[in-house]
Each structure stands twice: as structure tokens, then as C-alpha cells.
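User: Hi! Could you walk me through this protein model?
Analyst: Happy to. Here it is, so ask away.
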Amino acid sequence: MDFVLKEEHGFSYIDEGEGEVLLLLHGLMGSLSNWDDVVNEFKSRYRVLIPILPIYDMPLLTTGVKSLSKFVHKFIKLKELNNITILGNSLGGHVALIYVLAHPENVKALVLTGSSGLYENAFGGSFPRRESIDFVREKVQYTFYDPAVATDELVNDVYKLINDRHSVIRLLAMAKSAIRHNMKKDLHKMNLPVCLIWGKNDKITPPEVAVEFNEFLPDSELHWIDKCGHAPMMERPEEFNTLLTAFLDKIKVGV
């Protein structure tokens, strides 16, 4: 990641480009670098912001998806953003849905990719044994269609994370919060354009999750990326950016 990380009033974030705002939200064990290809593609014609979500810095009692949504709201207020398009991957998509429900007036459109909020199969149904980096590698590879996307750097980051007691407790608390906070009953209330970009081979939020989102969100469109897992913007960035460009062009002209 070659972008400048800014610090302001307790927020750490990337802020690149000018124009209409794209606000990008990473997943539970994701990072800002997950969105590198999206930032590089769109910073010439949009203002792209990515806040670091404080998943591992919250008090344990308030660690949950609602608290992350409140954090996002504070960030949006601080930066005086409006008419924004929010992109969320995995847990980030879930947080975006909660935010849209609470503050629809600030959001122009929503893009979800591998989003939780209905059902997710985190780590393939089991939490990794902390003592085994091979087991961690296997589970990180589970995130992608192509296991080569699970680089040594990515595996080592996850391994360090789950071997830190402070972090792993919050990781588990956040995962449980996401499972408890099912959005199905609220999706019909979201009357903004939604683009669903989904990996056909996503094992964590499988294709039927995307189909259900598409069924219950009133103004949604669903696009598949073949040979792709849970993080299309990382695994198939060109296809992801092509689909995203088409959606952004469409909502810009109001088609």
C-alpha cells in the first residue's frame, strides 16, 4: 500500500482523489490494502476514503457491528460527507447496511461484496488452532478461489492477530455480534441503489446469500465473478472494477 495514512481526531484513514465520495469498509480480518486496486482505479475521478475500523480497539462490552456503524457515522460527520457511495466487503458490508438503515439521507448508493448480514461461514466453520500456522494458512486460503492469493504476508498477519489474546477476544466478540445481528427483516426498508458483486465460489458468504440479498433489497442488481471467492476486489480486481464502473456510471446519470 503506497497511500498516505492520515490521522485526525482518533481516526486513521486514507483519503485519495477528489469528487463524489466512495467510502470503503474492510472486513473482520481485512485491512486497507484489500482495496488497493479499487483506490488506484478510481482516485482519478472520485474521492476515495477508507477508515481503519477499530475492531480490536473497542472496549470488549461495546465490541459489535452497531458500534462500528456508530464509528463510521462519527467519521462521516467529521469529514462532512454527503451523497456518498459506500462499498463494504464481508463485515464491512454488514456495517454499511446498519449505517444505511440509520442514516439513509447521507448515502447515495451501496456496493456489497461478500457481505455478512444474513449468513456467513467464517473460517470454514471452525476457529483456527492458534499453535498451527499451517492450519491458519489453510483457513486463509479458504477465503479465496485461488489459494495463491493467500500470500505469506497475509497468512502471517492473521497468525499474529489470532495469537494476540487482546485481539482474538474482540475478533470472536465481533464475529458473534455479526451472527446475532441478522439484517433480513430490515432489507426491504433500504430504497437506494445497491450493487451486489459476488464471487461464484465464495465459501464464507456463499452464492445463496447474494441471491437472498438481491431478493430482499428493493433496488438491487446482482453480478457474479467466476473463479472467485470471498474478496473479489482482491482476487479479481479487473472484473470487480469493471462492474463497479458500470454501476457508478449508471447511478451518476440516473439510469
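User: In which sense do strand 6 and strand 7 pair?
Analyst: In this predicted model, strand 6 (residues 107-113) and strand 7 (residues 194-199) pair in the parallel sense, over three bridges. As an example, Leu-112 has Leu-196 in strand 7 as its bridge partner.

User: Cool. What's the strand order in the sheet?
Analyst: The order is 1-2-4-3-5-6-7-8, making an open sheet of eight strands with mixed pairing. Strand 1 (5-8) and strand 8 (220-225) are at the edges with a single partner strand each, so one side of each has no neighbour in the sheet. On average, neighbouring strands are turned by 25° against each other, direction ignored.

User: Switching to helices: which strands does helix 2 lie across?
Analyst: Helix 2 (residues 65-78) lies across strands 1, 2, 3, 4 and 5, and it runs at about 55° to strand 2.

User: And how does helix 2 pack with helix 3?
Analyst: Their axes are 9 Å apart, at an angle of about 70°. The two helices are therefore roughly perpendicular to each other. The residues in that contact divide into eight nonpolar, three polar and one charged.

User: Which residues are buried in helix 4?
Analyst: In helix 4 (residues 133-141), the buried ones are Phe-135, Val-136, Lys-139 and Val-140. Seen down the helix axis, they fall within an arc of 135°, so they line one face of helix 4.

User: Why would residues a few places apart point the same way?
Analyst: An α-helix has 3.6 residues a turn, so residues three or four places apart point the same way.

User: What do the buried residues of helix 4 pack against?
Analyst: They pack against helix 5 (152-162).

Key. Residues are numbered from 1 along each chain as its sequence is written. This is a predicted model: local features need pLDDT of at least 70, side-chain atom pairs count only at pLDDT 80 or more; totals for chains, interfaces and linings use all residues. Side-chain values use heavy atoms; hydrogens and water are left out. Buried means under 20% relative accessible area, exposed over 50%, partly exposed in between (1.4 Å probe, protein chains only). Helices (H or I, at least four residues) and strands (E, at least two) are DSSP runs, numbered from the N terminus. The arc is that of the directions from the helix axis to the C-beta atoms. Contact means heavy atoms within 4.5 Å. Two strands pair if DSSP finds at least two bridges between them. Axes are lines fitted to C-alpha atoms, for helices over the stretch in contact, and angles run from 0 to 180 degrees between N-to-C directions. Angles under 35 degrees count as roughly parallel, over 145 as roughly antiparallel, 65 to 115 as roughly perpendicular and the rest as oblique. Ala, Val, Leu, Ile, Met, Phe, Trp, Tyr, Cys and Pro count as nonpolar, Asp, Glu, Lys and Arg as charged, and the others, Gly among them, as polar.
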